[in-house]
Amino acid sequence: MANDIEYPILTLEPTACVADLPFIDYQNNTLFIDNVSTKTLTQTYGTPLYVYSKNALLANYQAYVESFNALNDVHICYAVKSNSNLAILATLANAGAGFDIVSIGELARVLKAGGQAQKVVYSGVGKTADDIATALNAGIGCFNVEAISEIKLISEVATKLGKVAPIALRINPDVDAKTHPYISTGLKDNKFGISHDNAIEAYRFAKNLPSIEIVGIDCHIGSQLTQIQPFVDTLDKFAKLIDELFAIGISLRHVDLGGGLGVRYTNENPASVSEYANALLPKLLDLQERYGLGLHLEPGRNISANAGVLLTNVDVLKPTEHKNFAIVDASMSELIRPALYGSVMAVIPTDLANDTTPQVWDIVGSVCESSDFLAKNRTLSLQVGDTLAITGAGAYGFVMASNYNTRPRPAEILCDNGTHRIVRERETLECLWQGEHI
Ligand SMILES: *Cc1c(COP(=O)(O)O)cnc(C)c1O
């Protein structure tokens, strides 16, 4: 579908692009990540290369903590799926974050990185009995339950293990998140959650099952939302449901509004975390006062996206009659968002000193698919050997990378105020056929 989208010519001013990216800037014409030169990094580690700023990550996390500090009981559960590198998880765990997981693999990563099971919420539509048992034995904080059959299964598994499972029901509020259809999850016909109309019935059902402790109400309405209204509409709907639940003797301890707040990739204008908080706080304070409800949030992209870039080298310039192609050493295998969703991500030079005449380029990889593009119709001054940076690549970047075309996945680097360390080695070819047999 991404090929059906029209891509107008986009001319981005590199310094303006990085102006609102914390801890990413140009110093003497060279792009720096958290005060580390991208030139040093590419000379040391090669390209393609994922580079993250530890301080940007922490600042993005702290924005949530500070914006909601009027509430007594707030749990910022970072969505592990947006970037699950152990060093990223450890950084956030040390800062006090909780985690939203969607698989047992992600739970294992959180524990390995030093995160606390008690601060984990477990979302996802297809939990098996084994998954549930593993999470119960680890002692996670809450299951975000997506179906009646799942409540039953959790009850059975918990009873067998002699444990009590804390659960929140993921209720589909049927609000339009006004985002890309593939990343919108709160509408009636999405596969996620329990429908708003069946919510009360589902809670009654849960209340009568053994080994279940109802602790919350949960949702996640979509990703890359730039407007606040869908979140406010959701909370309004939830406030009514919460009244009904308490009225029939079902009490909750928290409301979980999921993740989904968007970021600026090129020229979007997303609400800030403080605007988001200010819009929600009056109602949340009211729920705290009346029912003692705490708040869970599950931000992923908003914490990790703008803390990372993907560096890629220009290998071949191929002007044709209709289009100019710049073939780079990253591709849809390393960064699939443009090919999968038609995402428009900023591509900027790492060296501003280049003075060739700007032309309009498609930035493409060398994977054998026409959908293998990273950006289309970009005005850039390019020469073979240049290094480009794709910003906003800290979320849904490396985690969605594959080995398609037998391409080893890139190394990942974490920068911290002038220092850096490798937090994942570049894959070798041998890694790629490990476990295969002739
Ligand atoms: C993906 C996901 C998130 C995080 O979404 P972002 O848009 O990255 O903030 C949070 N909660 C659930 C249940 C998710 O599936």
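The residues lining the second largest pocket of this predicted model fall into three classes: 8 are nonpolar, 6 are polar and 2 are charged. That mixed lining is a handy place to start our walk. The pocket holds about 420 Å³ of space. Of the 16 residues around it, Asp 20, Ala 271, Ser 272, Asn 302 and Asn 306 are the closest to its centre. Helix α3, which covers residues 54-67, gives the most to the lining, with 3 residues. Try finding that helix in the structure above, then look at who else takes part: domain 1 (2-53 + 305-433) and domain 2 (124-297) each supply at least three of the lining residues.

Those two domains deserve a proper introduction. The domain assignment of the protein gives domain 1, made of residues 2-53 together with 305-433, and domain 2, made of residues 124-297. Their C-alpha centres lie 35 Å apart. Where they meet, 13 residues of domain 1 are in contact with 9 residues of domain 2.

Now let us look at the nonpolar residues inside. The largest nonpolar core has 106 residues, and those with the most contacts inside it are Phe 68, Phe 143, Ile 167 and Ile 363. Helix α9, residues 229-247, provides the largest share of this core, with 8 residues. Where does the core lie? Because domain 1 and domain 2 both give residues to this core, it lies between them.

Let us zoom in on Ile 167, one of the residues just named for its contacts within the core. Setting aside residues up to four places away in sequence, Ile 167 touches Cys 142, Phe 143, Val 145, Ile 151, Ile 154, Ala 206, Ile 212, Glu 213, Ile 214, Val 215 and Gly 216. There is also a second, separate core of 21 residues, which includes Leu 10, Leu 12, Val 18 and Ala 389.

Back in helix α9, you can find Phe 246. Leaving aside neighbours within four places in sequence, Phe 246 is in contact with Ser 251, Leu 252, Tyr 291 and Leu 293. Take Tyr 291 as an example: this residue is 45 residues from Phe 246 along the chain, with 8.4 Å between their C-alpha atoms.

Next, compare two residues by how much of them can be reached from outside. Is His 296, in strand β13 (residues 294-297), buried or exposed? Its relative accessibility is 8%, and buried means under 20%, so His 296 counts as buried. Its contacts, not counting residues up to four places away in sequence, are His 75, Cys 77, Val 121, His 254, Val 255, Asp 256, Leu 257 and Gly 258. Ala 59, found in helix α3, has a relative accessibility of 32%, so Ala 59 counts as partly exposed. The C-alpha atoms of Ala 59 and Arg 253 are 28 Å apart, and these two residues are separated by 194 residues along the chain.

We finish with empty space of another kind. Rolling a probe the size of a water molecule over the atoms shows where empty space is left. How many cavities of 30 Å³ or more does a search of the whole structure find? The search finds 1, and about 40 Å³ of space lies in the largest cavity. Its lining is made up of Pro 349, Thr 350, Asp 351, Asn 354, Ser 381, Leu 382, Asp 386, Thr 387 and Leu 388. By class, 3 of these are nonpolar, 4 are polar and 2 are charged.

Conventions. Residues numbered from 1 in each chain as written. Predicted model: local features only at pLDDT ≥ 70, side-chain atom pairs only at ≥ 80, totals over all residues. Heavy atoms only, no water. Core = buried A, V, L, I, M, F, W, Y, C linked by side-chain atoms within 4.5 Å. Buried < 20%, exposed > 50% of the residue type's maximum accessible area, 1.4 Å probe, protein only. Helix = DSSP H or I, 4+ residues; strand = E, 2+ residues; numbered from the N terminus. Domains from an automatic or database assignment. Contact = heavy atoms within 4.5 Å. 1 Å grid on protein atoms, 1.4 Å probe; cavity = no way out; pocket = protein on both sides within 12 Å on 5 of 7 lines; lining within 4 Å. Points joined across faces, edges and corners; volume = space filled by probe spheres on them. Nonpolar A, V, L, I, M, F, W, Y, C, P; charged D, E, K, R; others polar.
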